[in-house]
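Look at the sequence and the 3D model together. The paragraphs below go through the strands, then the helices, then two single residues.

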Amino acid sequence: MSENLIQRSITTSVAKNLANTTKTAPQMMSITPRYLLNLLPWVHVEGGTYRVKRTKIELKRAERVELSFAEDTVSFQPQALRNVPLFSRLQDDVINRMANRFQTEEVTLGNNLVVEGQDRSEFFIIARGQVEVLSKGVHGSDLRVALLTDGEYFGELELVSDKPSDVTVRTITPCTLLRLSRQDLDSILEELPSFKQEFQKAIDEHLELRSTVNKYGERNIDLVAGLAENVVIPETFVDYSDKPREYPLSAVQTVVRVHTRVSDLYNIPYNQLEEQMRLTIEGIKERQEWELINNEKFGLLHSVAPAMRISARFGTPTPDDFDELLALVWKKPAFFLAHPKAIAAFERECTWRGVPPVTELLFGSPVVVWRGVPLIPCDKLELKSRYASNQWVGTTNILLLRVGEDLQGVVGLHQKGIPGEISPSLSARLMGLDNLGVASYLLSLYFSCAVLTDDAIGVLGNVEVGYYHDYQHRSFFYFDSGSGI
């Protein structure tokens, strides 16, 4: 205060020491809506284990070949070739020799690796990059039937037959490929003449089995239909898998410690123990949602079957990509799950194409909807970031789920009624006091999730979230109600 000013009243800085201060409960930025926990139907699990019984798969579906990278070289274990159904019955000696004959090739964008109607007789594994598989439609135009990326393969049937290819395969990015030619395979069989007949037998058995199973690899159920009389009714049965998948409940645990002096003396207006518990439980629930998505044993990203994985065509998530994902999980899909930046990237693409999606309220908040299926934001679908062209860019994944036991979908797992339960499958137990007067409380949350059938979940991978359109170089037409333009 200036010396020539006379104090005429008590100052606010002194007066506020006498006043009560209105306080908020402790705020924590890491709390998210956790929509996934609310949208999953939860199943009570007795004994801590959930067993999924499935029908027997007679013909295994294609899986990606697991590759290893060391500097500029790429390799794989010979047994990884058994992920190719056609090779799953081959002898170990043949598999080992085949693996040693693969050659690495660098291929530029726009290169035709296989041409429809021609017999190139080569088998390719994609180490890096993307290729498109094209086939002539009834009107004579090339139609894209598949998009293949890292770990996927093509040409296995052409390798063991003399028939011309019925598809064209073309690179849409620069690619690193592993190639095995028919000449390499023939030389292997010449080195192992005793296996040549067994090799052909294994291939023939595989091709014969393909004709007796459905598109899911399950043996066809023998039926008869029609109006004809005196028809022999076939006999049939449905076999079950002898190795059902079991999901044990996982746990997230921590010990909360609060000094008794704090909880005795400083409980107004907020109970210190309750606030410590509340904030810790928020952290536990955040970790629970992360585990449901990313856990390597039961997480959703690691539970997607190879046949249910697709890649974004141009990096950015487009309406075409979402439609293709819907075509995979077409049996009553419940919701998409995506990082907020992936949803924003999708909305930019929709705006650019002139098809902005609608929104609807979910739990009191607006969410984007595509084809009637909501896009649920979740930051637990992590971004893989890198620095390129003087800016940060990143890729992520987008999931599409069908949920519920009655729909053979995805379900959450927990066990209700555990000791010390404060909410389903979440317990708090007093562990005691130490000689310093600090009380310890054990918080435990038990949970997991299960995918009941392979087609209950699909993923759109390699989704680029950092691309923005340059609207300044695009023409727009505006409607002026006054001029009629």
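Which residue in β13 stands opposite Y50? The partner of Y50 is Y247 in β13. The model in which this pair is found is a predicted one. Y50 belongs to strand β2, which spans residues 49-52. This strand has two faces: Y50 and V52 lie on the covered face, while T49 and R51 lie on the uncovered one. In a regular strand, side chains alternate between the two faces of the sheet. The partner strand, β13, covers residues 245-248. Four bridges pair β2 with β13, in the antiparallel sense.

Antiparallel pairing also appears in an open sheet of four strands, ordered β5-β12-β7-β10. The edges of this sheet are β5 (103-107) and β10 (153-154); each has a single partner strand, so one side of each is left without a neighbour in the sheet. Strands of a sheet pair through backbone hydrogen bonds, and the pairing is either parallel or antiparallel. Between β5 and β12, which run antiparallel, there are five bridges. Within this part of the sheet, E106 stands opposite T176 in β12.

The strand β12 (175-181) also helps to cover a helix, α5. Helix α5 runs over residues 182-191, and its buried residues are R182, D184, L185, S187, I188 and L189. An α-helix has 3.6 residues a turn, so residues three or four places apart point the same way. Besides β12, the cover over the buried residues of α5 includes α3 (92-101), α4 (156-160) and α6 (193-210).

How do α5 and α6 lie relative to each other? Two packed helices are described by the angle between their axes and the distance between the axes. The axes of α5 and α6 come within 5 Å and cross at roughly 125°. That angle makes α5 oblique to α6. In the contact, L185, L189, E190 and E191 of α5 meet P193, K196 and F199 of α6. Sorted by class, these residues are four nonpolar, no polar and three charged.

A second pair of helices can be described in the same terms. Helix α9 covers residues 319-328 and helix α10 covers residues 340-353; their axes come within 9 Å and cross at roughly 115°. From α9, P319, D320 and F322 take part in the contact, meeting F346, C350 and R353 of α10. The classes here are four nonpolar, no polar and two charged residues.

Now consider single residues. Is N294 buried or exposed? N294 has a relative accessible area of 12%, and therefore counts as buried, since the cut-off is under 20%. This residue lies in helix α8, which spans residues 272-294. The side chain of N294 reaches the backbone oxygen of K380 at 2.9 Å. Leaving aside residues up to four places away in sequence, N294 touches K380 and also G299, L301 and H302.

K416 sits in another setting, the loop between β22 (410-414) and β23 (421-423). Its relative accessibility is 46%, so K416 counts as partly exposed. Not counting residues up to four places away in sequence, K416 touches H44, E421, P424 and S425. K416 and I268 are 148 residues apart in sequence, and their C-alpha atoms are 33 Å apart in space.

Key. Residues numbered from 1 in each chain as written. Predicted model: local features only at pLDDT ≥ 70, side-chain atom pairs only at ≥ 80, totals over all residues. Heavy atoms only, no water. Buried < 20%, exposed > 50% of the residue type's maximum accessible area, 1.4 Å probe, protein only. Contact = heavy atoms within 4.5 Å. Axes fitted to C-alpha atoms, helices over the stretch in contact; angles between N-to-C directions. Nonpolar A, V, L, I, M, F, W, Y, C, P; charged D, E, K, R; others polar. Parallel < 35°, antiparallel > 145°, perpendicular 65-115°, else oblique. Polar contact = N/O pair within 3.5 Å; in protein donor to acceptor, adjacent residues only side chain to side chain. Pairing = 2+ DSSP bridges.
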